[in-house]
Structure formats: C-alpha cells, structure tokens
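I opened the notebook to look up aromatic contacts and helix packing. My entries follow the model.

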Amino acid sequence: MLETSVSSLLGIFLSPHMMMLMTVGVSVGLFFGIMPGLGGKLGVIFLIPFVFGMDPIPGAVFLLAMHSVVHTSGAIPSILFGIPGTGPDAATIVDGYPMAQKGEAGRALGATLCASGIGGVIGALFLSLLMPFVGPIVLAFSPAEFFLLAVLGITFIAALSGDSLLKGLIVGLFGLIIATVGLDPNSGESRYTYGQLFLWDGIDPVTAVIAIFAIPEMIALAARGNLADDDDAGGFRYTMRDVWEGCLDVFRHWGLTLRTSIIGAVIGLIPGLGGDVASWLCYGHAVQSSKSPERFGKGAVEGVIAPETANKSKEGGALLPPLYFGIPGSSGMAILLGAFVMLGIQPGPRLATDQVDLVWALIWTLAIANILAVLLLLAMAPWLSRIASLRTGLLVPFIIVLSLLGCYLGAGAWQNFVLVLGLGALGWLFKKYDWPRPPFVIGIVLGPIAEDSFHKSMALWGPGFLLRPLSLVLLSIIVVTIALYIARTRRKAVPA
C-alpha cells in the first residue's frame, strides 16, 4: 500500500502532463467557484467534453482537481460582497461579510484560504485512513440516522437566530416549507406547484440562497453608491500582512480547525448530506463551543474558519461512497461519478484491489489541488482588494447578471428569474428589519433530507427507529445541544 501511494504521488509530480491537467483543472474550478451560482456541477458538465478519449487516471485527476477547489474561491464573493459563490459558502457570509465591513476583509480572506488548504489536506488524509474500513461505516447509517442528523442540524437554528429565537424559528420553518415544493418523494403527488412543471423538481437551493443573500446585498450596495464607504474602506484595502494575520488565526484556533475538519470529512462520508450540511453544522458547532457566542454574526473569525474547513474536508469523505458503492452523496458527485464511468472507471469494492493506483492518484489529487488553489489565491490576494475600487454602477449589474445566469443554468428554467425576484424581495425585508437569514438556508437544505428519511424510517421500523443504537447517540447529542442553548439563554437573562 505504501509503495503504491508513493508511486502514485511521484507519477503526478514527475509528469508535466499530469501537473498541467491539474493546474488547468484547479484554475477552472476557481473560476466556477468565484462566479455566484455556478459551482462544481456546471464545472464538471463544462469539462466533460474535454476528457473524451483520455486515459482513466489523467481524466479523473483533471475532473477531481476542478471539483475539489470550487468552494475555495466561492468564499471570496461571500466575504467581499455577501454573495455565496456556491451553496456551501453561504455559511461563510454570516461572519465573513461583517468582517469585511468593519475593516478585516484581508484577515477573513487569509483565514478562509488557510482553513481551506488545511481542510482539503485533512480530507485527503481521512480518505486514505478510512479506505480499509469504509464498508462497515457507510452501511451503518440508515434512514433513521439520516433523519436524526437532519434534526440535529435544524436545532442549530437556535444558535443562528441572534437575539430572537422566535424570528429564527419562523425563518427556518419558512425554509422547511419552501423545501416541500415539488413532487412528494413517497406518493409522487405535486405539492405547491400550482400547475407549473418547473416546480416539480422543487426550488433549487442555489437559486433560493442567491435570492435571499445576493439580491438584498446588491440592493444595499446600489443604495450606498460606493462598494466601500470611506469609514470602512480599509476593510477592502487590505495588505498581505492582514492576509497572513488571518492565516495565523487558523492556527490560533487549531482545536476548532481540527474538529471541524474531521466533522466535515465524516459528514461527507454519509451520502445525501453534502457541503451545505457540513458547513452549517460546523458553523453551529463553532457557535456552541465558543466562550463568547454573542460575537458570531458580527465578524468572528471562528465563524469563517469552521465552515471553510468543513466544506473542503468533506470532499475526502464524499469520494468514498461513489468509488466503492456507486452511491453519490450529492448531485455534483453524481455528475462526477457519471464522468468517471464514461472514462472507464467502474465503481465498486474491487477498486480497492484492482485499481489501487487510481484510488491513490485521486487521494493525492485532493491534497495537491487544494494546496495549489490556496497558493494561487494567495498570489492573487493583493489584487482581489482592487475589486472594491469598482463603481457599484458597473459592479452591481454585472454580479446580478451572473447570479441570474447561475440560477438559470443551475435549474434550466427561465421561471427561476421570477423566484429570484420574489425571494429576493423577501430577503431584502429580512435584512431591513434585522431578521436572521441563515436559518432559512438550514431549512431548505435539510428539509428534503429530514422528510424522506423520516418516511423511510417509519416504513422500516415504525416509531422504534428512535431506539436504534446510533439513533440513541444522535438523540443524546440533540438533547445536549438544546440544553446548552437553554442554559446559555438563562445565563444571559440573569443580570450581572
């Protein structure tokens, strides 16, 4: 195993062709990440025509290098403009954008890039260590555990609700309602579609996230007139010293960095959860494990580190189920798996014996691509701040057009433009009247997972699914989470 690992690493490093493919793949991935609404799915679809006729290993390395770094650059518009480049980057907005507004954009970018690199490397290490044990781990999770994991994520609404739990619950429940639009996964009946065929597949989460976050921020930018006010312009005119300060923050909070990297990798291992769940669960963990949770949502660097490590490390875990069981954990991974099959790679347990060199090439690709992406973005960091010098009259229309293009390409329906306008107006009201928006994302992301898993669990075990061993463990974590929130709320209510 060690000999195969080393030979695969040398095969990548010593081959100009492989390094060129990886560099191009990383560059394309960074582009698709920094453009709001595009993401890894469209990136893989865009690159599939270019891998026809390639050998399996070079083609797989090329596609995986692109797919694994999308979220690294997706954090840049989240921090500078409050616009998620991809779905999992929405969690970075909560503290990354406030950091930029109060003069710490460079620090936020540095923390993001360093956390991304560490998370990607830990995800690759996690993949290599779990290869012998992947079967029992994946098969241990049933719909019962999926449902309780979704409920655990929903309990984090309390942590993300700011000063008003009621407002957070209302927004979160609205997200859950939006998640029910489409065909019932059990009966096949349409729900809240009003005769519109484009709603049968449900409301695209990327469309909803862009509408709730991007449109309100663009309205605010247009109303302000300048991208950076004179008072907070320093937040955008950062120096490399500010960026390195953010990198050091990752090591100052090394415990959080390590924990969220491992949590993200484990979540990636479970089919059906994906980067959105990893980011928000780890953000909630950062809030609940902090000694001063009131700082979150106002520019806490830990709120940037946690989701960024998680949505990079999850790529390591997310690669195992498709490779060994043919079970993609997300739509993006499903497209990537289809591209692998097109290259002649047949998923299954035999990969561990017949194509070990391929598996190790993919593991090394995860690590090298993330490091390469971080180095490229660090080299570009001094110029990223110049985005703030653009006039909003030029920038706002450009970003809105790209956001709308991303919404259209993500679901392939022009009616999404109407949804963007409606949900964007609602997001603007949330922003204007200080209602928390992150609970909406939790609701729309976890709603389908919770509903589908609940029905399957009831069909298989009835209410007794709550008494399964892993279910009891997750129930205990949920109860402790709620108890900690209640205790913290009571402490705040007691006058000093």
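**Aromatic contacts, then a helix pair**

I began with Phe147, which is buried, at a relative accessible area of 16%. The model is predicted, and I read every value with that in mind.

Next I looked for ring partners. I found seven aromatic pairs in the structure. In one of them, Phe147 and Phe454 are tilted, with 5.3 Å centre to centre and 50° between the planes. Phe147 sits in helix H9 (residues 143-155) and Phe454 in helix H22 (residues 438-461), so this pair ties together parts 307 residues apart in sequence. I checked exposure too: Phe454 is partly exposed, with a relative accessible area of 32%.

Phe147 also pairs with Phe465. I noted this pair as edge-to-face, at 5.8 Å centre to centre and 80° between the planes. Phe465 lies in the loop between H22 and helix H23 (469-493), 318 residues from Phe147 in helix H9. I logged both Phe147 and Phe465 as buried. Phe147, Phe454 and Phe465 form one aromatic cluster.

I then turned to helix packing. How do H5 and H7 pack? Helix H5 (residues 70-81) and helix H7 (residues 105-130) meet at an angle of about 160°, and their axes are 10 Å apart. The angle is over 145°, so I entered H5 as roughly antiparallel to H7. Their crossing is right-handed.

I listed the contact residues. H5 contributes Thr72, Ala75, Ile76, Ile79 and Leu80. H7 answers with Ala105, Ala108, Leu109, Thr112, Leu113 and Ser116. By class, I noted eight nonpolar, three polar and no charged residues in this contact.

Key:
Residues are numbered from 1 along each chain as its sequence is written. This is a predicted model: local features need pLDDT of at least 70, side-chain atom pairs count only at pLDDT 80 or more; totals for chains, interfaces and linings use all residues. Side-chain values use heavy atoms; hydrogens and water are left out. Axes are lines fitted to C-alpha atoms, for helices over the stretch in contact, and angles run from 0 to 180 degrees between N-to-C directions. Helices (H or I, at least four residues) and strands (E, at least two) are DSSP runs, numbered from the N terminus. Angles under 35 degrees count as roughly parallel, over 145 as roughly antiparallel, 65 to 115 as roughly perpendicular and the rest as oblique. A crossing is left-handed if the near helix is turned anticlockwise from the far one by less than a right angle, and right-handed if clockwise. Contact means heavy atoms within 4.5 Å. Ala, Val, Leu, Ile, Met, Phe, Trp, Tyr, Cys and Pro count as nonpolar, Asp, Glu, Lys and Arg as charged, and the others, Gly among them, as polar. Rings of Phe, Tyr and Trp (its six-membered ring) pair if their centres lie within 6.5 Å; planes under 30 degrees apart count as stacked, over 60 as edge-to-face and the rest as tilted. Buried means under 20% relative accessible area, exposed over 50%, partly exposed in between (1.4 Å probe, protein chains only).
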